[in-house]
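Colleague: I am new to this structure and should like to learn how to read its features. May we go through them together?

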Amino acid sequence: MRIGAHVDSADPLAEASARAADAVQFFLSDPKGWKAPQPRGDADRLRAAEVDVYVHAPYVINVATPNNRIRIPSRKLLVSHAAAAAEIGARGVIVHGGHVNAGDDLAVGFDNWRKTFAYAAESGGFATPVLIENTAGGENACARRLDALARLWDVVGEYGAGFCLDTCHAHAGGEELLDLVDRVKAITGRIDLVHANNSRDGFGSGADRHDNLGSGTIDPELLLAVVRAADAPVIVETPGGASGQAADIAFLRGQTGIGDRLA
């Protein structure tokens with residue numbers, strides 16, 4: 001099992017070394033902006049590295065919304081990030097499930113997701129696998145609750161969409177972690193990546209606030225159970241910089257049946 005962390009994008013391989021990580025996740029552009037990613041000078045190093053690379057798409061992307069002024073740029077930005085991620089050998093692009101506005105029909109959001117994959121298919125599909133991530137808040141979210149996730153997968157599953165399970169988001173979103181992996185896989189058939197994060201806020205709070213694995217409101221044993229059951233690569237998005245994340249990675253590696261450090 002490969003275990004790593006979300007790191008600063010300036011020198012991801014150095015950040016991996018500082019955490020004894022064998023995987024990294026980072027942004028290719030401003031996570032709160034609409035600018036397309038630019039070519040990276042370290043692309044060759046990233047492609048050749050033994051460290052696995054994942055890209056997190058900007059937070060502004062919302063392909064589900066009925067608002068054309070957001071949805072259409074979101075589709076284009078996601079396609080451009082998948083292309084840029086391919087240039088650095090990334091294994092996946094993680095993108096939040098998105099939402100519709102209050103009063104909108106959630107079915108429109110699911111259909112907009114279908115149209116997003118259809119749009120990408122017109123030019124040969126996404127250059128890097130797209131992993132849809134469950135989210136913590138919003139009553140109009142496409143991937144907060146499992147009943148919504150099932151409706152989403154009815155329309156994107158045929159396109160080979162991947163799934164990223166965030167433990168903080170699930171807990172804050174009101175989904176119990178006990179047996180969560182089995183319930184998710186019954187819907188998606190897959191978990192491609194786990195974001196292993198504790199939550200600063202309580203169950204069902206809707207708040208996306210991460211904490212270190214040994215802190216927060218989630219029993220660490222439940223986090224470990226999710227990681228073991230998912231049997232997928234793991235990224236921690238926890239606070240504390242290199243030292244805090246290194247401790248979380250060491251915590252995961254110290255448990256029986258969870259991955260060894262990259263040799």
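Modeller: Let us begin with the lining of the largest cavity in this predicted model. By class, eight of its residues are nonpolar, one is polar and three are charged.

Colleague: Which residues line the largest cavity?

Modeller: The lining consists of N134, A143, R144, R145, L146, L149, F163, L165, A170, E175, L180 and V184. At least two lining residues come from each of α5 (146–156), β6 (162–166) and α7 (180–188).

Colleague: How much space lies in the largest cavity, and how many cavities of 30 Å³ or more does a search of the whole structure find?

Modeller: The largest cavity holds about 50 Å³ of space. The search of the whole structure yields one cavity of 30 Å³ or more.

Colleague: How should I read the largest pocket, and which lining residues are the closest to its centre?

Modeller: One may take its volume, then its lining. The space in the largest pocket is about 260 Å³. It is lined by 14 residues, of which H96, G98, H99, T135 and G137 are the closest to its centre. Sorted by class, the pocket lining has nine polar, four nonpolar and one charged residues.

Colleague: I should next like to understand helix packing. What describes two packed helices?

Modeller: Two packed helices are described by the angle between their axes and by the distance between those axes. Here, the axes of helix α3 (residues 68–87) and helix α4 (residues 106–121) come within 10 Å and cross at roughly 45°. That angle makes α3 oblique to α4, and the crossing of the two is right-handed.

Colleague: Which residues make the contact of α3 and α4?

Modeller: From α3, the contact involves R71, R75, K76, L78 and V79; from α4, N112, K115, T116, Y119 and A120 take part. The residues of this contact divide by class into four charged, four nonpolar and two polar.

Colleague: Finally, how might I read a single loop residue, and where is the place of P31?

Modeller: One can locate the residue in the chain and then list its contacts. P31 lies in the loop between β2 (23–26) and α2 (43–48). Apart from neighbours within four places in sequence, P31 is in contact with P58, Y59 and V60. As for A84, 53 residues from P31 along the chain, the C-alpha atoms of the two are separated by 15 Å.

Conventions. Residues numbered from 1 in each chain as written. Predicted model: local features only at pLDDT ≥ 70, side-chain atom pairs only at ≥ 80, totals over all residues. Heavy atoms only, no water. Axes fitted to C-alpha atoms, helices over the stretch in contact; angles between N-to-C directions. Helix = DSSP H or I, 4+ residues; strand = E, 2+ residues; numbered from the N terminus. Parallel < 35°, antiparallel > 145°, perpendicular 65-115°, else oblique. Left-handed = near helix turned anticlockwise from the far one by under 90°. Contact = heavy atoms within 4.5 Å. Nonpolar A, V, L, I, M, F, W, Y, C, P; charged D, E, K, R; others polar. 1 Å grid on protein atoms, 1.4 Å probe; cavity = no way out; pocket = protein on both sides within 12 Å on 5 of 7 lines; lining within 4 Å. Points joined across faces, edges and corners; volume = space filled by probe spheres on them.
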